[in-house]
Amino acid sequence: MGAETLLLFALAAVAVVVAVRWFAGRTGLPAAAILPVLGIAYGLLPGPGISVEPEILLTFVLPPLLYSTALDASLMAIRRNVRIVVSLSVILVLITALVIGLGFHHLVVGASLAAGIAVGAAVAPPDPVAALAVGRRVGLPQRLVTIIQGEGLLNDATALTILSFASAAIVGDKFSAPAAVIRFVVAATGGAAVGAAVAIGVGMLRPLNRDPLTANAISLATPFAAYLLGEHLHVSGVLAVVVAGLVVGHHAPRAASGASRLQTSAVWRLVDFLLEGFVFLYIGQQLPEVIRGLRQYETSTMVTAVLVSVGSVLLIRPVWLLLTQSLPRSLHSRLGTGQHAGKLTGREVTALSWAGTRGVISLAAVFTLPRITPDRDLLLFCTLAVVLVTLVVQGLTFGPLVRRLGLRADAVDEARLRNEARAASVRAALERLDDLSLDLGERPDRRSPAEAPTAAEDAAAEAEAIQVMRGLLGQRLARYQGRIDLLQSAESPEMPVSPRYEAALRIRRAAMDAQREELLRWRDAGTLPDEGLRVLERELDHEERLLPERPPA
């Protein structure tokens, strides 16, 4: 494929991804469910297609997606729910791979146990992209978001390790259960150690992170460095990426400047948007090619294999969640959530049961199976079937299910907590100003008589600046306290409306629009150069970014 043809494909893919995002935003349908369907439609058309080596997906696509998700995750929230996260990302993945392996071995004609475990490992780890996109849109409670997010971060390492064992058995290497357990523990602990080491290395570059461009370059390189180092040391590169992202994201508020955080966040949102769109289109496009390799199989064999794969994925997850949540408290604290976190309710279990959409890792993993793998085409088809069924069926119905269950984050309580934190930060600033005023009054004057007038002027200027800042912070504190009072008086879970606050937002936006129009008139008249316009526009853009999209957030 020539460079121009490849560029045309890339531009067409961007156009499709943008159009689907626009359509999804207006219909409420998840883009992750629409894109594979469009990919299938394109794959059925005559003409060239795109083929990507699985190593490319695992090396260039998976690390940035995992790292971006880890940066946005809450390390402390995952720690609070660590038992259920580990239960889903490790134990459930192992059980799913084993059940599918046994199902293939006993029900699918000619299939081996190793081949069944291989496809089971590929389809076992959910990809939370679709579920989280829908869940956040419908207001899924933060605890469930954390569990889905944490599971999606950690389960890939488990699945890829199991797949490596199954692949070795397929090519004839002797399998030893004790050796496999030791290798799994080494891969997991080694990957976590590598990720922590990379995060420490990034922290040592803290002075460089003050510059936005340098911070972006370091951030984009970090997931690939963690993955390559982990793979080079023969431990879990995936887990290294996840741990590095969690640690770096946890320390980002202290380690980076505000400008660096704003720009880095924008860059990662763009990376996520494009990579996820391309991947989901690519998933759908593979179906026609995979189907062409199934001519050697009986229809009954294909149906049985697909039913074993899809049925196991859809049934084992709710059974496991119900089991871990119905155990006695002593066992529940070991296998499910911790006592401090509390058991999941029936509605929460139902929602989590339907949040197991599969994605890029399943497709990339199964394509890494050796070419000599018996029934490889059948295994590819089963994996693709699981991915498409979960993405389309679960992806399209997860939102309505969450609404029907009545699971919704308490928006009023979350807004109240944010405003209380804002008020607390302003009080801390006012206390600091009091300390500065006291220090200014007690500061001994060691200046010479000739320098005394200048020292007095400096002290007066500093005192005046403190007073001005105290007035601004006082106004801000009064505004936050007014929002807190309004939210505390709310009698329904719906966000209360403040006419005064809405009017203030409208006036601020109208004033910004007028400022931009005047700056453009100056530029068009030749009075203000474009460089100066961009500086002033950037100031207004940062001010506008502080305004909430929907008051009173």
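**Group meeting: two cavities in a helical chain**

Okay, let's start inside: helix α5, residues 82–107, gives the largest share of the lining of the largest cavity, namely four residues. Keep in mind that this is a predicted model.

So what lines that cavity? Going along the chain, we have Leu88, Leu92, Val93 and Thr96, then Ala124, Pro126 and Glu151, and finally Arg317 and Arg358. By type, that's five nonpolar residues, one polar and three charged. The volume is about 50 Å³.

How many cavities of 30 Å³ or more are there? Two. The second largest comes in at about 30 Å³. Here helix α8, residues 142–170, takes the largest share of the lining, again with four residues. Around this one you'll find Pro126, Pro128, Ile148, Glu151, Gly152, Asn155, Arg317 and Ala355. That lining splits into four nonpolar, two polar and two charged.

If you've got the structure open, click on Pro126, Glu151 and Arg317: they turn up in the lining of the largest cavity and in that of the second largest too.

Now zoom out to the whole chain. We're looking at 21 helices and zero strands. The C-alpha trace spans about 95 × 65 × 50 Å along its principal axes. There are 553 residues, and 44% of them count as buried.

On contacts: take the ones between residues at least 6 apart in sequence, and 82% of those join residues at least 24 apart.

Last bit, the outside. The accessible surface is about 28500 Å², with 63% of that belonging to carbon and sulfur atoms.

Technical notes:
Residues are numbered from 1 along each chain as its sequence is written. This is a predicted model: local features need pLDDT of at least 70, side-chain atom pairs count only at pLDDT 80 or more; totals for chains, interfaces and linings use all residues. Side-chain values use heavy atoms; hydrogens and water are left out. On a 1 Å grid over the protein atoms alone, a cavity is a set of points where a 1.4 Å probe fits but cannot get out, and a pocket is an open set with protein on both sides within 12 Å along at least five of seven lines; lining residues have an atom within 4 Å of a point. Grid points are joined across faces, edges and corners, and a volume is the space filled by probe spheres set on the points. Helices (H or I, at least four residues) and strands (E, at least two) are DSSP runs, numbered from the N terminus. Ala, Val, Leu, Ile, Met, Phe, Trp, Tyr, Cys and Pro count as nonpolar, Asp, Glu, Lys and Arg as charged, and the others, Gly among them, as polar. Buried means under 20% relative accessible area, exposed over 50%, partly exposed in between (1.4 Å probe, protein chains only). Contact means heavy atoms within 4.5 Å. Accessible areas come from the Shrake-Rupley method with a 1.4 Å probe; for residues, only the protein chains shown count as cover.
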